[in-house]
Amino acid sequence: MPKLLQIDSCLGIGSTGKIAENIAILARQRGWRTYMVHGSRYIGESEQIPIPAITRKGEYLNILNSLLLDNHGLTGAKYTYQLIDKIKNINPDIIQLHCIHGYYLNYKVLFEFLKDYKKPVVWTQHDCWGFTGHCAYFEKIHCEKWKRGCGSCDLKNTYPRSVLFDNSKKNWIIKNELTSSIENLTIVSVSYWLDKLVSQSFLSKKDHIVIPNGIDTNVFLPRKSKNKEKYGLEDKFILLAAATSWSDSKGLLDYIEISKRLMENEKLVLIGITEGQRKYLPPNILALSRTNNAIELAEWYSCADIVMNLSYQETFGLTTVEGMACGSPGIVYNCTASPELISPKTGIIVNPGDIEGVLNAISIIKKACKSEFSRECRKRVMENFDMDNQFKKYIDLYEELLINTRKN
């Protein structure tokens, strides 16, 4: 029985944690035994064999080091050495990396082990951290330092934030040298936009392919919902947006401006708002807390007339696809990966920051009626973003890599 070991900051929750879980489900159906290395802070239910990478105390010490010294992923070595002993005992046939940032791993120790391990390694890029000297996203300031070598980082105060030092030049060099040293490394990007960036980075020296994310279309489908009645929205045209965490880069300020200019029968609903953020939002926005309940989320998508994603930096855009799977058309900005998800029959693409353009798009969809889009929305997701079809590609890749390894 072949063994798959995945590594991610989350266990069974969050976008990457759920992706890893769904890959494991399909792998087990094909006869694999699955293991999941994870951090200490984001833990949900999992059917994989869990392997904690670090203690809660160790993770917070890593956070403190990174915050002060800009050495994210380069501290807490003793925990990663202990993890490597566990990996050696398991002896996995494939090691699948997801988000290896998140304060729970020493990636230098891990990559030095992978260099000697020789077995196939697949590293999925869910953001840009893997080929920069500091940040996970740089699109909003159009930075291109990552192409030739970082330094004097303009995003030092963004995740993973550093309040004192700028170590981005050294971090970039370390990542370049370490990834170059792993012979049997395959890079997967979750969108064609992200793969284009990979092809311009030091990761381009490795084989790299695109496997767009998939969603569970048996969960995200048109559902009956009592949300309109619950919140007094029976006569409202609902504009919905959801995020794990909200920031300016997610378009929060744009939503606030849009809310001020909506018609009387239009209502903006934001999911994922913190208590601190709620205090500063206009009263005409229905601000809801984050939910990890997929069915609850699907019910909101289903009762929405439009699902909006006005993010300035998306490596994929799960909320857009989840909304379409529930029959709701989307509005996205024409930047990063978002335009890949929308077709003329499933929504509208607007220039970034163009509030008038967003309002006009809302008017067009409202006039046409949601039902004119719903069938094509569901069809597009089933054909391009169904979980079983997409994540099966990972299993096919693993098995192909195993065959090639045995030949050599």
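Me: Is glutamine 313 buried or exposed in this predicted model?
Reply: The relative accessible area of glutamine 313 is 15%. The cut-off for buried is under 20%. Glutamine 313 is therefore buried.

Me: Where is the place of glutamine 313, and which residues does it touch?
Reply: Glutamine 313 is in the loop between β13 and α11 (318-325). Leaving aside residues up to four places away in sequence, glutamine 313 touches Tyr137, Glu139, Lys140, Ser249 and Thr336.

Me: In what order do the six strands of the open sheet stand?
Reply: The pairing in this sheet is parallel. The order is β12-β11-β10-β13-β14-β15.

Me: Which are the edge strands of the sheet with the order β12-β11-β10-β13-β14-β15?
Reply: An edge strand here pairs on one side only. That holds for β12 (285-288) and β15 (347-350).

Me: By how many degrees are neighbouring strands of this sheet turned against each other on average?
Reply: Direction is ignored for this angle. The average turn between neighbouring strands is 20°.

Me: Which residue of β14 stands opposite methionine 308?
Reply: Strand β13 (residues 306-309) and strand β14 (residues 330-333) pair in the parallel sense. Three bridges join β13 and β14. Opposite methionine 308 stands isoleucine 331.

Me: At about what angle does helix α10 run to β10?
Reply: Helix α10 covers residues 294-303. It lies across β10 (237-242), β11 (266-271), β12 and β13. To β10, helix α10 runs at about 140°.

Me: How many residues of α11 are buried, and what covers them?
Reply: α11 is mostly covered, with seven of its eight residues buried. Among the buried ones are Val321, Glu322 and Met324. The cover includes β10, α10, β13, β14 and α13 (371-384).

Me: Which residue with a positive phi follows α11?
Reply: The phi in question is near 90°. The residue is glycine 327.

Me: Which strands pair with β1, and over how many bridges?
Reply: Strand β1 (residues 3-7) is mostly covered, with four of its five residues buried. β1 and strand β3 (residues 33-38) run parallel and are joined by five bridges. β1 also pairs in the parallel sense with strand β6 (residues 94-97), and here the bridges number four.

Me: Which residues stand opposite leucine 5 and isoleucine 7?
Reply: Leucine 5 stands opposite tyrosine 35 in β3. Isoleucine 7 faces a residue of β6, namely leucine 97.

Me: How many aromatic pairs does the count come to, and what is the geometry of tyrosine 107 and tryptophan 129?
Reply: The count comes to 17 aromatic pairs. Tyrosine 107 and tryptophan 129 lie 5.4 Å apart, centre to centre, with 90° between the planes. Planes over 60 degrees apart count as edge-to-face. The pair is edge-to-face.

Me: How many residues apart are tyrosine 107 and tryptophan 129?
Reply: Tyrosine 107 is in helix α4 (residues 107-117). Tryptophan 129 is in the loop between β7 (121-125) and α5 (168-181). Both residues are buried. The pair links distant parts of the chain, 22 residues apart.

Me: Are the rings of tyrosine 312 and tyrosine 333 stacked, tilted or edge-to-face?
Reply: The ring centres of tyrosine 312 and tyrosine 333 are 5.2 Å apart. Their planes stand at 55°, so the pair is tilted.

Me: How many residues apart in sequence are the parts that tyrosine 312 and tyrosine 333 tie together?
Reply: Both tyrosine 312 and tyrosine 333 are buried. Tyrosine 312 lies in the loop between β13 and α11, and tyrosine 333 lies in strand β14. The pair therefore ties together parts that are 21 residues apart.

Me: Which residues form one aromatic cluster with Trp32?
Reply: The cluster is aromatic and includes Trp32. The other members are Phe391, Tyr394 and Tyr398.

Me: Which lysines lie over the rings of tryptophan 129 and phenylalanine 237?
Reply: Over the face of tryptophan 129, at 3.4 Å from the ring centre, lies lysine 175. The ring of phenylalanine 237 has a charged end over it, 5.5 Å from its centre, and that end belongs to lysine 366.

Me: How many disulfides does the whole structure have, and how far from cysteine 99 is the nearest cysteine sulfur?
Reply: A search of the whole structure finds zero disulfides. For cysteine 99 the nearest cysteine sulfur is that of cysteine 10, at 7.4 Å.

Me: Which cysteine has the sulfur nearest to cysteine 143?
Reply: Cysteine 143 is in no disulfide. The nearest cysteine sulfur is 6.2 Å away and is that of cysteine 150.

Notes. Residues numbered from 1 in each chain as written. Predicted model: local features only at pLDDT ≥ 70, side-chain atom pairs only at ≥ 80, totals over all residues. Heavy atoms only, no water. Disulfide = S-S within 2.5 Å. Pairing = 2+ DSSP bridges. Helix = DSSP H or I, 4+ residues; strand = E, 2+ residues; numbered from the N terminus. Axes fitted to C-alpha atoms, helices over the stretch in contact; angles between N-to-C directions. Contact = heavy atoms within 4.5 Å. Buried < 20%, exposed > 50% of the residue type's maximum accessible area, 1.4 Å probe, protein only. Phe/Tyr/Trp six-rings, centres within 6.5 Å; stacked < 30°, edge-to-face > 60°. Lys NZ or Arg CZ within 6 Å of the ring centre and 35° of its normal.
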